[in-house]
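Q: Please go through this model with me. I want each label set against its cut-off.

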Amino acid sequence: MPSSQEKKLLLLLLCCLSTMLLNLFMGAASSNHVLAPNMSSCHLPLDFPSAETPYDCCAPSSPYPPRLFRPNSSSSSSLRIRHPAYAADAAYAAKLARAYMLMQALPPDDPRSFVQQANIHCAYCNTVYNQMFSSQVFQVHNSWLFFPFHRWYLYFHERILARLLGDDSFALPFWNYDHPDGASIPWLFSGTSAYAILSNALRDSSHEFPATVAIDFNVDTNLRPPEDQRRENANAMYRALIRDATTPESFFGWDYRHGDAPMPQGYGFGTVESQPHNSVHRWVGNRSAIGWKDMGSFYSAAHDPIFYAHHAQIDRLWDLWKAMPGHKDIEDEDYRNAEFLFYNEEGELVRVKAGDASNSTMLGYVYKEVETPWMNAIPEKRSFAPAKLGKDDTVCNEGEAIEKASCSIAVGRDPEVSKASPWLHDHLGLTVYYNATQAMNVDVYLNLPAANATTDTGCKEYVTGVRFNKFCVEDQVGYRTVRLDIKERLVDLNLTEESSIIVTLVPRTPPSLSFSGSITLLSAFVEYTLPHQRWDDCVGARSPTPIL
Ligand code: C2O
């Protein structure tokens, strides 16, 4: 038997050991953030569209190591006010045009020149850098880095423009397509305005002012009458900022830490990054050009001046979301400590932290308040009992195409699992065999077998739009499983006790656009996993579980 003295010693030892282990563990955890990109690792972009010749978009090198720049409250003494672009007057438009003229006139190797500013996006988004101390590339999309990276990007961009103008109060405009008055290309950026420098030839000409932007745009959903489109826009905004963005993880996107491989496109993003961010990029870009450039591709997007107004809007949506009750930023230290490099208005290379982007007022700017009518676009319930498949409903059968018409399927689930393990969420899995050259959007409804292409999305039964594209294999043919967290939908629709739910798939390619190829439904199933759990769309997709 150990003496009490020995026991004390043992306890002390155990205590020391556990503290050491804890420190070690904490140390490891706190050093797991994405370090700044390694500029000396800069290489040609890795993920250019195959038809485009990759070009060098590395930032000019700096003769000294970057110092850490942290905002402090003194920088917020006089606030810049970002205004909605549609309401800009001629004087502001002329000033913005002059700022871009001056930026274009800088020598191309000046990091503040327009081409270098545009290259920043290519560099961080087409993976030209490796993460510091890692062979893994640095990517700011499809993860929680999306909001802070673009906030810092615009912060320096705006200050460079202000410096060139010699006007400290200069602020970027924001394109608030979430407001009915802002729902077209803002006049000063349109091809018909007097400011050619703010316009861009590489856009979809059918989307020029005054066409109504389609926030839920995927392949070609913008054939709706403008008033219908505006309603769908409000629905999409409500989903992205309110209904589907109840947690920081759902709003910001997946975690991304040191040494992590970037998530593939269409993956890991938060609600807003998907819509309106990605969708508006594609809506503006020219679909007949390689990669829907300029706005439709990472490497080219920032060559269009409207990019910065689009991103000011995305940045504003971050502020709007955070102002809603119960919303807060990601608090994980690996998020807060992630670093980016930018050249500031002096042409000096600085290091900034994601966590320091949290407060826009600290960064010296605010957004002019404009109404947000979509906050009232509360989805209504269209079904009042658990649906059953009737004789009039089109059933989706295993092995049949889903790209032509809407169809419904009964999917089994186990209400006992979610009762016994409430931390697990019901995920609806859809495995398809994809054989086509274009992407296709399929809308998913729950408990509404009558849903079809004319059903609007402002209802509780609407789950989301799924974008099927070439994914798991390179040759346009492949399997893919998508998993949608439907826990909240089941609660909303009083379906938590049901052991069978009706899922309706609505293909969204309008008849005017011929879709050549096929998408075959292989299986629809419910599985129980943690929310925001990473998964692989390709693994397991080849051995789908049978349709229930
Ligand atoms: Cu870095 Cu709008 O994307």
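Q: What makes strands 8, 13, 10 and 11 an open sheet?
A: Four strands form it, in the order 8-13-10-11, with antiparallel pairing. Its edge strands are strand 8 (407–412) and strand 11 (462–468), each pairing on one side only. From one strand to the next the twist averages 25 degrees; axes here are lines fitted to C-alpha atoms, for helices over the stretch in contact, with angles from 0 to 180 degrees between N-to-C directions. This is a predicted model: local features need pLDDT of at least 70, side-chain atom pairs count only at pLDDT 80 or more, and totals for chains, interfaces and linings use all residues. Residues are numbered from 1 along each chain as its sequence is written, and side-chain values use heavy atoms, without hydrogens and water.

Q: How do you know that strand 8 and strand 13 pair?
A: Pairing requires that DSSP finds at least two bridges between two strands. Six bridges join strand 8 to strand 13 (residues 500–507), so the pair qualifies. The two run antiparallel. Val 411 stands opposite Ile 501 in strand 13. Strands and helices are DSSP runs numbered from the N terminus: E with at least two residues for strands, H or I with at least four for helices.

Q: What makes the pairing in the sheet 2-6-5 mixed or uniform, and how many bridges join strand 2 to strand 6?
A: The pairing of this three-strand open sheet is mixed. Strand 2 (67–68) and strand 5 are its edge strands. Two bridges join strand 2 to strand 6 (residues 349–353), and these strands run parallel. Arg 67 stands opposite Val 350 in strand 6.

Q: Why is strand 9 called largely enclosed?
A: Buried means under 20% relative accessible area, exposed over 50%, and partly exposed in between (1.4 Å probe, protein chains only). In strand 9 (residues 425–436), 10 of the 12 residues are buried, so the rest of the structure largely encloses it. Strand 9 is joined to strand 14 (residues 517–529) by 12 bridges, and the two run antiparallel. Leu 430 stands opposite Ala 524 in strand 14.

Q: What makes a space in this structure a cavity, and how many are there?
A: A cavity is a set of points, on a 1 Å grid over the protein atoms alone, where a 1.4 Å probe fits but cannot get out; lining residues have an atom within 4 Å of a point. The structure holds two cavities of 30 Å³ or more. The largest has about 150 Å³ of space. A volume is the space filled by probe spheres set on the points, with grid points joined across faces, edges and corners.

Q: Which residues line the largest cavity, and of what class are they?
A: Of its 16 lining residues, the closest to the centre are Ala 59, Ile 120, Tyr 129, Leu 341 and Tyr 343. Helix 3 (114–125) and strand 5 (339–343) each give two or more residues. Helix 3 has the largest share, six residues. The lining divides into 13 nonpolar, three polar and no charged residues. Here Ala, Val, Leu, Ile, Met, Phe, Trp, Tyr, Cys and Pro count as nonpolar, Asp, Glu, Lys and Arg as charged, and the others, Gly among them, as polar.

Q: How do you know that the length of helix 3 agrees with its residue count?
A: The expected span is 1.5 Å times one less than the number of residues. For the 12 residues of helix 3 that gives 16 Å, and the end C-alpha atoms are 17 Å apart, which agrees. Helix 3 is also mostly covered, with 11 of its 12 residues buried.

Q: What lines the second largest cavity?
A: About 50 Å³ of space lies there. The lining is Phe 146, Phe 147, His 150, Arg 151, Leu 154, His 311, Ile 314 and Asp 315. Helix 4 (146–165) gives the most, five residues. By class, four are nonpolar, two polar and two charged.

Q: Why is Asn 447 called buried or exposed?
A: Asn 447 has 4% relative accessibility, so it counts as buried. Asn 447 has a positive phi of about 65 degrees although it is not a glycine.

Q: Why is Trp 292 called buried, partly exposed or exposed?
A: Its relative accessible area is 23%, so Trp 292 is partly exposed. Trp 292 is found in the loop between helix 7 and helix 8.

Conventions: On a 1 Å grid over the protein atoms alone, a cavity is a set of points where a 1.4 Å probe fits but cannot get out, and a pocket is an open set with protein on both sides within 12 Å along at least five of seven lines; lining residues have an atom within 4 Å of a point.
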